[in-house]
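Q: I have a model open and want to go through its contacts and packing. Can you take short questions as they come?

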Amino acid sequence: MDELPARQREVVILRDVEEMSSEEVCSVLAISDGNQRVLLHRGRSRLRQLFEDEFRGVR
Amino acid sequence: MRLLLRRDLACQQAVELVTDYLEGALSRRARRRFETHLAGCPHCTEYLAQMRETIRLTGRLEPEDLTPRQRDEFVELYRRWRSEQE
């Protein structure tokens, strides 16, 4: 999680760990729906890459 | 304009649409195009599966997996949000 910029980390944790809805996350962070989705996409994509690297023993 | 009229999606475009797809944020037409691409592309099908797995693994994180500074960040977020609700 350290690898993510703060905003991406916040969105990913609120959505995928706290299991908040996108509407709730937009309200908590005061961001638009589109922005929320972009941050979620970037954060999840980065984590996917990190998991893949870890499984392949790259890191 | 030519790109918009193309019926097939390039893998790079498909990968960029994965979150919108999972969020149900694609138009019906874009969704159909995405699914058509997946049906013919094992790589993007695998990518989507990895993305779902990533979400599942992230969901198993515990507060202890965050640094104290990151935990403070969330306490602060909640505090600010709740004070705005009142």
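Q: How many residues does each chain put into the contact?
A: Chain A gives 18 residues and chain B gives 18 residues. Two residues are in contact if their C-beta atoms, placed from the backbone, lie within 7 Å. This is a predicted model, in which local features need pLDDT of at least 70, side-chain atom pairs count only at pLDDT 80 or more, and totals for chains, interfaces and linings use all residues. Residues are numbered from 1 along each chain as its sequence is written, and chains are lettered from A and ligands numbered from 1 in the order in which they are written.

Q: Which helices of chain B supply at least two residues of the side that touches chain A?
A: Helix 3 (18-22), helix 5 (42-58) and helix 6 (68-85) of chain B do. Helix 5 of chain B has the largest share of that side, six residues. Helices (H or I, at least four residues) and strands (E, at least two) are DSSP runs, numbered from the N terminus.

Q: And by class?
A: The side of chain B that touches chain A has eight nonpolar, seven polar and three charged residues. Ala, Val, Leu, Ile, Met, Phe, Trp, Tyr, Cys and Pro count as nonpolar, Asp, Glu, Lys and Arg as charged, and the others, Gly among them, as polar.

Q: At what angle do helix 3 of chain A and helix 5 of chain B pack?
A: The angle is about 90°, and the axes are 9 Å apart. Axes are lines fitted to C-alpha atoms, for helices over the stretch in contact, and angles run from 0 to 180 degrees between N-to-C directions. Helix 3 of chain A and helix 5 of chain B are therefore roughly perpendicular, the word for angles of 65 to 115 degrees.

Q: Which residues meet there?
A: From helix 3 of chain A, A:R44, A:L47, A:R48, A:F51 and A:E52; from helix 5 of chain B, B:Q50, B:M51, B:T54, B:I55, B:L57 and B:T58.

Q: Switching to chain A. How many helices and strands?
A: Chain A has three helices and zero strands. Its C-alpha atoms fill a box of roughly 40 × 20 × 15 Å along the principal axes.

Q: How do helix 1 and helix 3 of chain A cross?
A: They cross at roughly 90°, and their axes come within 8 Å. That contact has five nonpolar, three polar and five charged residues.

Q: What makes up the largest nonpolar core?
A: Ten residues, among them A:L4, A:V11, A:I13, A:V25, A:L40 and A:L47. Helix 1 of chain A has the largest share of this core, four residues. A nonpolar core is a set of buried Ala, Val, Leu, Ile, Met, Phe, Trp, Tyr and Cys residues joined through C-beta atoms within 7 Å. A residue is buried if 20 or more other C-beta atoms lie within 10 Å of its own, exposed if 12 or fewer, and partly exposed in between.

Q: What does A:L40 touch?
A: Not counting residues up to four places away in sequence, A:L40 touches A:V11, A:V12, A:R15 and B:T19.

Q: Why does B:W81 count as partly exposed?
A: Because B:W81 has 14 C-beta neighbours inside 10 Å. B:W81 lies in helix 6 of chain B.

Q: Last one, confidence. Where in chain B is it lowest?
A: In helix 1 (residues 2-5) of chain B, at a mean pLDDT of 50, while helix 3 of chain B is highest at 97. pLDDT is the predictor's confidence in each residue, from 0 to 100. Chain B averages 88, and the complex has an ipTM of 0.91 and a pTM of 0.87.

Methods: Angles under 35 degrees count as roughly parallel, over 145 as roughly antiparallel, 65 to 115 as roughly perpendicular and the rest as oblique.
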